[in-house]
Structures are given as C-alpha cells and as structure tokens.
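The following note sets out comments on the model under review. The points are numbered for ease of reply.

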Amino acid sequence: MARLPILNLALRSIGNRRATAILTVLTVAISVMLFLGVEKVRHGARESFENTISGVDLIVGARSSPVNLLLYSVFHIGNATNNITWESYETVASAPGVAWTVPISLGDSHRGHRVIGSTPGLFEHYEYGGGRTLEFASGEPFDDLFDAVIGATVARELGYQTGDSIVVAHGMGEVGFVEHDNNPFTVVGVLAPTGTPLDQSVMVTLEAIEAIHMGGATGSGATVPAEQLREMDLTPDQLTAFYVGLNSPVAALRLQRAINTYPDEPLQAVIPGVALSQLWSIVGVAERTLAAVAAFVVLTGLVSILTAILTSLNERRREMAILRALGARPHHVFVLLVAEAALVALAGAVIGTLATYGALNMLAPLLEARFGLVLPGLAPGLYDLAIVGAVTGAAAVLGFFPAWRAYRNSLADGMTIRL
Amino acid sequence: MSTKTAPPALALSNLHFAYTRRQPDVIAIEALRVEAGERIFLRGPSGSGKSTLLGLISGILEPRSGEVEILGQAMQTLFSSRRDAFRAAHLGVIFQMFNLLPYLPVGENVMLPCRFSEERAKQAQAAGGEQAEARRLLERLGLDAKEVWSQRASNLSVGQQQRVAAARALIGKPGLILADEPTSALDADSRDAFISLLKEECTASGAALLFVSHDGGLADQFDRALDLQTINTASVKETV
Ligand SMILES: Nc1ncnc2c1ncn2[C@@H]1O[C@H](COP(=O)(O)OP(=O)(O)OP(=O)(O)O)[C@@H](O)[C@H]1O
Ligand SMILES: [Mg+2]
C-alpha cells in the first residue's frame, strides 16, 4: 500500500482548513515557546544561583543556621545575629591548610545598597559562574582608606562613574539613620555585571568601615578628620563573616568541624555549594511550580488541536465517505486524523522551539550584560528534540479520540454521505 | 477477448441486511444479476434502500447473510482488507453530490483512484498515462480539461462536478460503475446529457453500469430497468 497518499491527503486537508490550522499551530508554538523559555530561564537561574559564589571553600560566621549565614554573608539578605571577633578570624586564617581569607564586614548602606567592608583579596578570590573572576568595567580595586568600588547595578541605577564622591550611611534603608557625610568616599572602580549580589553592593576597605564608626556605632566618629584617621590603627575588632580558601579542598570538612567546635566563640563554617543547594531547595518550589504551569500550558495547546479536529469532523464525514468509496480502509481514516493531529503538533513544536532559540539568541547578550545571567546552551539540543517528540506523540495519542469517532462514523455511514 | 463468456458484472443471491441487529431487514433480495458491460437502471423511492444496496455491493457494508459476487469474485470470501482493495481496483462510484475532495484540484481528484489502486494506475498507464487519460476522460465528458485541470473542485458548478466524478469513476477501466442518483441535482437538459455521456464512456471502457434513482422517467435511456421494490422483499413489507 505504498501508493496510499494518506500523509499527503492529511497535509492537503489541513491546508484546506488553513485558518484554523495556522491558529492551532500558533497556539502550540506559543505554548512550547513558553515551556522551553521557562525551562531555559529556570536552568539558567538555577545555575547562576548555585554559582553565585565559587572558589570559596568555606564561609565562616557567628553560629546560626547555614542558610542564614549564606543569606547575610553572600546574598546580603537579613543581618548577622552576632559578629565574630578579630582574634577568632586570625586563628582560622593562620590554621594549617588555609591559603587565603577574605574578611567581610556588613551593616552600612549607600542609598539602599549594601556596603561591604573587605580587603582587596575579595577581587582576587571571589569567583562566580563556575570559575569566572571579578572584572572591572572601569577603574581598579580600592587601595586608599576612602576608596570605594561599586557593582554594575549600583553604577547603572545611580549613574556613578569612577571619580565620583559618595557618602555612606550607617544602617540600612534608602536613607541611613546617620549619614557619615564628613568622610566622602571616592569611586575608584566599577565592576562588570556578574549576576551576583555584588552588582548591588558598594565595596570599601575594612578600615574604612572602622573609621566611619570611630567613637561609637552611631557614627559620631565621623567628626574625626580624615588625616587623623589615616594615622590611627584601624584594625577592626569585629567582623561579620569571612571567606576561606584552602590549599586543598579535601581539607574543607576537617576545618569545618574544627571551626564548628571552636571553644572560644560559637562559630559556624559552611561549604557554599552545600548551603546553596539547601537554599535552592527552598527557593526551588517556585521554580518547579512555574515549570508545572508551563507544562499545563502545553497541554492546553494540545487540547486546542483536539478541539479543532473534533469541530471539523462533521463537515468531513463526506470526505471520509469519498475516501472509503475510493478504496481507503477504515484504518486509513483513523491514520488520516491521527496524522493530522501529529502534523499540526509537530509544526507547532518545531516553530516554537526555533522561535525560542531565536529569541534567546537575541536576548542572551542583553541578559548577560545587564544581569550577568548566562543561559546554558543557545542551540537546540537533545532535550528540545525530546520535547518536540513528546508534544507530537502526545498529540497523536490525543488524536486517537477524534480518529476513533471518524472511524466509527465511516463504518456506520457506509455509502451515504451525511451532511 | 477470450472465447468463454465473461462473468457477470454483478450477481446477488439471498442477500439480507439490516443496520442493527434488532432492526428488521432493510434489504432482502433473492437474486439480481448484471451482465458484463450491461447498463441497468434501478428505480426506487426515497428510503427504499438504494444507497444501502450500493454500500453492500461495494463491500463497505457487510450483509447479514447471502452473497455478493462482482466480476466473478465472491466478496464474502475476502477479508475486509482484500474487499477494500478489490473495490479500489474494480469499482467506480458516483454519489448524488459532493463527490470531490474540496482540497484537491480537479486533475488530482480524477487521478485519485490510481493512488489507491495499483491496478487502476496500470490500466491508466496502458491507456497513455494517468494524466493523459484523466484529461481525455474530462474532455469526453464535455469539460475543457485545460481550463478545469488545476481548479479547486469546489469552484465548479454542480453539473461540472458530477462530470469530474464520472471521469474519476471511469479512470483505470473498472468493471462496474455504481451511480447513486448522480443526476438528482441537475436540470433536465444537463441530466440527459450527463447520462448519455456516462453511458457512452461505460461502453467505451467496457464497464457495466448500475444507475439508481427515484426518477422513473430516466428508465428508457438504459438497456434494462428494474424496480427495487419488486426485487427487495424487505422494503415491500415495510411500505405496505
Ligand atoms: N447509516 C444508517 N444507519 C441506520 N439506518 C440507516 C442508515 N442509512 C440508511 N438507513 C435506513 O435504511 C433505509 C434505507 O435507506 P437508504 O439510504 O438506503 O435509502 P435510499 O433509497 O438511498 O433513499 P434516498 O433516495 O433518500 O437516498 C432507510 O429506512 C434509512 O432510514
Ligand atoms: Mg440514497
């Protein structure tokens, strides 16, 4: 029966109902686009999230919960329950196997953006996105007491450039409780976008944080002139947290245990990757819900194929009777309708996939430049092929229903053509 | 041809049929015979079972009992798949109206039987090729083949559509043409023209013709006329 033109007839028949067919294909295409788009962004967001910080073997802070420590030390969400002492920091920093440490001091803000007190080591050791290091869009790391480096978002939103003067406030919020406006900072560097919380941050030296707080946490020390401050020993006696890099990551677990059981102070060390996964399992609920919604949208698209075929069925009883009279077998009628459902779904899925990648390729540079979000895989892969296959297969299975009805009709109608 | 006489185009014996198991018979025919090449008119009022009978003959409907023999082939001995193939190869069917697939151009509609049957395709090849044969039949049936060839079937008038349907039934030289009231949508002039063209082409290709209609006035244009109500005992019972 190689001569049977069933597939050809299915195509021509679809062509005859072009308007409906195009709308149905479009519905499927849009639903597949939505699904693939959500999947891409989902994976991109997850990867980006889990790669917020890498190259750091341990994060150490006051004892609370691992997720809490991660939230305030990396994502700058919430506040540390306690600070840790400089002595504890020095003890850990000089422990065997420790390659480097980067101290972090939080608590101040600049117009709604967090201020991080740290050392130039931050720019050297902080990695994200699987081994990418921080890059400067302009300028260089801080060096002087009142130098500041700003993240890409801060620069964009506040319109800052290197050379600008900024004022830092104590506490958080759009307007800090006290503005330390006697000691303005100079922007010496602007970071390239990273998609990490650093984009939102202002980075200064640890000593600067200490200096603006001279004489009490409320910042009355701001009256001390800068020249005088430069001559003082501004080594802080407290820190919020610090990052630890090891000579060999294998030592991480042992050092973590040692820190967690440190007798002089309740400390806590977390392995960033582990804590990030833990945090994602909380955040991920939203992400999975989104994926489920997208899957249901695809289902809606498939049901629209079914609707289109079912409504066409009555007007096509004539077509079926003609085909039967010409020698078509009842199962050809069946195949005709299943093929129609599958072809419409295939066209929709392929168009949807291509459109998704077209859009992603157009958006990718923008996403990376503005949000540092690097989307994985910008060419259709096996996964997409599987999606196209699954959508087509599902449509064929759904097509069984109208096909079965048409099959029954064509058996019952015989030679009579019903209208 | 050969010396022995050709088998009859159609022979029915003790044929019984009902649409559902509980219903009384719609068709009950003791015997009906159409000789090879013969052109028969079968008259019957609406609802007397004409279309049902044609469905049985073409093998689309299965009789409750009895035998249908077409061109010497007993249909009941064939599996349904072979019956469908047999129909594709040896029968040409013309309906009352809406004969054509609206989404195919006229030419492809005419050549459709060659797509469904190897034998029809071969016959058309032997007659000079599928396209040439389709064009020839269209011309013979009074259509301008060049003009209608690539038109959408739905663009033609009803009378033109019926001629295209006749060309489709005739392509590839099937042995039996079944026509189910093909002229009921035509006016008197085009009806008579259509019947005489159809008869001519059946004769030219050696096909027998079974033409059913409720309009008894057409009877004298055929070799022989039958009344379905006299041969179908089921319908007699029903109408009395
Ligand atoms: N698909 C069907 N299912 C059940 N009963 C049917 C079906 N088709 C026809 N019948 C019944 O069978 C009887 C014969 O119908 P049929 O269509 O064969 O008549 P007909 O002679 O072709 O009529 P018409 O001249 O109107 O076309 C009628 O009583 C009709 O109601
Ligand atoms: Mg009828």
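What does the accessible surface of chain A come to, and what share of that surface belongs to carbon and sulfur atoms?

1. The model is predicted, and the values in this note should be read accordingly. The accessible surface of chain A comes to about 18500 Å², and carbon and sulfur atoms hold 61% of that surface.

2. The general make-up of chain A is as follows. Chain A contains 13 helices and 16 strands. Of its 419 residues, 51% are buried. Among the contacts in chain A with a separation of 6 or more, 79% are made by residues 24 or more positions apart.

3. Chain A is divided into two domains, and domain 1 is made of two segments, 6–49 and 284–412. Domain 2 covers 58–270. Taken over C-alpha atoms, the centres of domain 1 and domain 2 of chain A are separated by 51 Å.

4. A:Ser54 merits a separate remark. This residue is placed in the loop that runs between helix H2 (18–50) and strand S1 (58–62) of chain A. Is A:Ser54 buried or exposed? A:Ser54 counts as buried because its relative accessibility is 15%, the cut-off being under 20%. With residues up to four places away in sequence not counted, A:Ser54 touches A:His125, A:Tyr126, A:Glu127, A:Tyr128, A:Gly130 and A:Gly131.

5. The largest nonpolar core has 79 residues, and the members that touch the most others are B:Leu10, B:Leu53 and B:Ile57. Helix H12 (residues 330–371) of chain A nevertheless supplies the largest share of this core, with ten residues. A second core, separate from that one, has 40 residues, including B:Ala166, B:Ala169, B:Ile177 and B:Ala219.

6. Which residues is B:Ile57 in contact with, leaving aside its neighbours within four places in sequence? They are B:Leu10, B:Leu12, B:Val68, B:Ile70, B:Met75, B:Leu91, B:Leu176, B:Leu178 and B:Leu210. B:Leu10 thus appears both in this list and among the core residues that touch the most other members.

7. B:Ala165 belongs to helix H7 (residues 158–170) of chain B. Because its relative accessibility is 0%, B:Ala165 counts as buried. Beyond its neighbours within four places in sequence, B:Ala165 is in contact with B:Ile94, B:Asn99 and B:Leu100. For B:Ala165 and B:Ile94, which lie 71 residues apart along the chain, the C-alpha atoms are separated by 6.0 Å.

8. Where does ligand 1 lie? Its place is between chains A and B. The ligand is surrounded by 14 residues, of which the closest are B:Ser46, B:Gly47, B:Lys50, B:Ser51 and B:Thr52. Helix H1 (residues 50–57) of chain B gives the largest share of this shell, three residues.

9. Several polar distances around ligand 1 may be checked in the model. An N or O atom in the side chain of B:Ser46 is 2.5 Å from an oxygen atom of the ligand. For B:Glu181, the distance from a side-chain N or O atom to a ligand oxygen atom is 2.9 Å. With B:Ser48, a backbone N or O atom is involved, at 3.3 Å from an oxygen atom of ligand 1. Taken alone, ligand 1 exposes 630 Å², and the protein buries 69% of that area.

Conventions:
Residues numbered from 1 in each chain as written. Chains lettered and ligands numbered in written order. Predicted model: local features only at pLDDT ≥ 70, side-chain atom pairs only at ≥ 80, totals over all residues. Heavy atoms only, no water. Core = buried A, V, L, I, M, F, W, Y, C linked by side-chain atoms within 4.5 Å. Buried < 20%, exposed > 50% of the residue type's maximum accessible area, 1.4 Å probe, protein only. Helix = DSSP H or I, 4+ residues; strand = E, 2+ residues; numbered from the N terminus. Contact = heavy atoms within 4.5 Å. Domains from an automatic or database assignment. Near = heavy atom within 4 Å. Polar contact = N/O pair within 3.5 Å; in protein donor to acceptor, adjacent residues only side chain to side chain. Areas by Shrake-Rupley, 256 points an atom, 1.4 Å probe, with all protein chains shown as cover.
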